[in-house]
Amino acid sequence: MSVRPIIKSDSPTLRMRSKEVKEITPALQRLLDDMLETMRAEPGVGLAAPQLGVLQRAIVVELPREEEEPLSGCPIFLINPAIVEANGEEERAEGCLSVPGYMGDVVRATQVTVEGLNRRGRPVRFKAQGFLARVLQHEIDHLDGMLFLDRLTSLAKLRKLPPEDGGWEYA
Ligand code: NI
């Protein structure tokens with residue numbers, strides 16, 4: 001595993017749509033492991049392959065153990081993820097490892113059902129709510145070339161953070 005550089009929001013790569021993964025290869029599994037290590041090094045709570053410059057539909061999400069959510073402290077790898085059901089709406093602050101130093105209030109579904117393939121290529125389907133649901137929606141947006149900045153209803157929803165304020169809430 002190795003830490004790779006994270007692409008920032010001025011890169012056109014982050015605005016492109018990622019390709020469906022057709023085959024689970026050792027190279028893809030290495031990419032997933034590197035995504036996890038890179039995310040943990042920041043630290044962040046999620047990372048999408050395009051943030052490492054790879055336009056493949058793959059994400060990783062890992063909430064800190066102290067979060068009161070099921071699956072906290074355990075990495076979730078998802079290949080070709082899709083939201084098949086979404087309910088509720090909530091506006092909360094979120095940040096992005098590709099947009100360092102900023103947080104913004106974004107409206108997201110409070111509960112989602114997600115389908116995809118796990119690290120071994122087996123189909124998975126699960127329900128997520130709250131913070132986990134938010135991070136999943138944020139990462140899946142990355143696969144469609146969308147950043148949380150695009151979902152702000154006004155620029156007043158964006159806040160600049162002091163440089164020393166690096167947070168695990170980045171995704
Ligand atoms: Ni992000």
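How many positive and how many negative side chains does the chain have, and how far apart do the centres of the two sets lie? In this predicted model, the chain carries 22 positive and 26 negative side chains, and the centres of these two sets are 6 Å apart.

The fold that carries these charges consists of two helices and eight strands, and, read from the N terminus, the elements follow the order α-β-β-β-β-β-β-β-α-β. The radius of gyration of the chain is 15 Å, close to the 16 Å that the globule rule gives for 171 residues, so the chain is as compact as a globular protein of that length. Along the principal axes, the C-alpha atoms fill a box of roughly 45 × 35 × 30 Å. Of the 171 residues, 47% are buried, while the surface that the chain exposes comes to about 8,500 Å², with carbon and sulfur atoms supplying 50% of it. Among contacts between residues at least 6 apart in sequence, 68% join residues that are at least 24 apart.

Met146 gives a local example of two parts of the sequence brought together, since its C-alpha atom and that of Arg15 are separated by 6.2 Å, although the two residues are 131 apart along the chain. Met146 sits in the loop between helix H2 (130–143) and strand E8 (158–160), and, leaving aside neighbours within four places in sequence, Met146 is in contact with Leu14, Arg15, Asp141 and Arg151. Its relative accessible area is 28%, which falls between the 20% and 50% limits and therefore makes Met146 partly exposed.

Two backbone details deserve a look, and the background to both is that most residues other than glycine have a negative phi, and most peptide bonds are trans. The peptide bond from Glu42 to Pro43 is cis, with omega near 0°, and Pro43 lies in the loop between helix H1 (26–41) and strand E1 (46–48). Asn80, a residue other than glycine, has a positive phi near 50°; Asn80 belongs to strand E3 (residues 76–87), and at 15% relative accessibility Asn80 counts as buried, because the limit for that class is under 20%.

The cysteines can be considered last. A disulfide is a covalent bond between the sulfur atoms of two cysteines. Requiring a pair of cysteine sulfur atoms within 2.5 Å, the count of disulfides is zero. Cys74, at 32% relative accessibility, counts as partly exposed, whereas Cys96, at 0%, counts as buried.

Definitions and conventions:
Residues are numbered from 1 along each chain as its sequence is written. This is a predicted model: local features need pLDDT of at least 70, side-chain atom pairs count only at pLDDT 80 or more; totals for chains, interfaces and linings use all residues. Side-chain values use heavy atoms; hydrogens and water are left out. Helices (H or I, at least four residues) and strands (E, at least two) are DSSP runs, numbered from the N terminus. The radius of gyration is taken over C-alpha atoms; the globule rule is 2.2 Å times the number of residues to the power 0.38. Buried means under 20% relative accessible area, exposed over 50%, partly exposed in between (1.4 Å probe, protein chains only). Contact means heavy atoms within 4.5 Å. Accessible areas come from the Shrake-Rupley method with a 1.4 Å probe; for residues, only the protein chains shown count as cover. Lys and Arg count as positive and Asp and Glu as negative; His and the chain ends are not counted. The place of a charge is taken as NZ of Lys, CZ of Arg, CG of Asp or CD of Glu.
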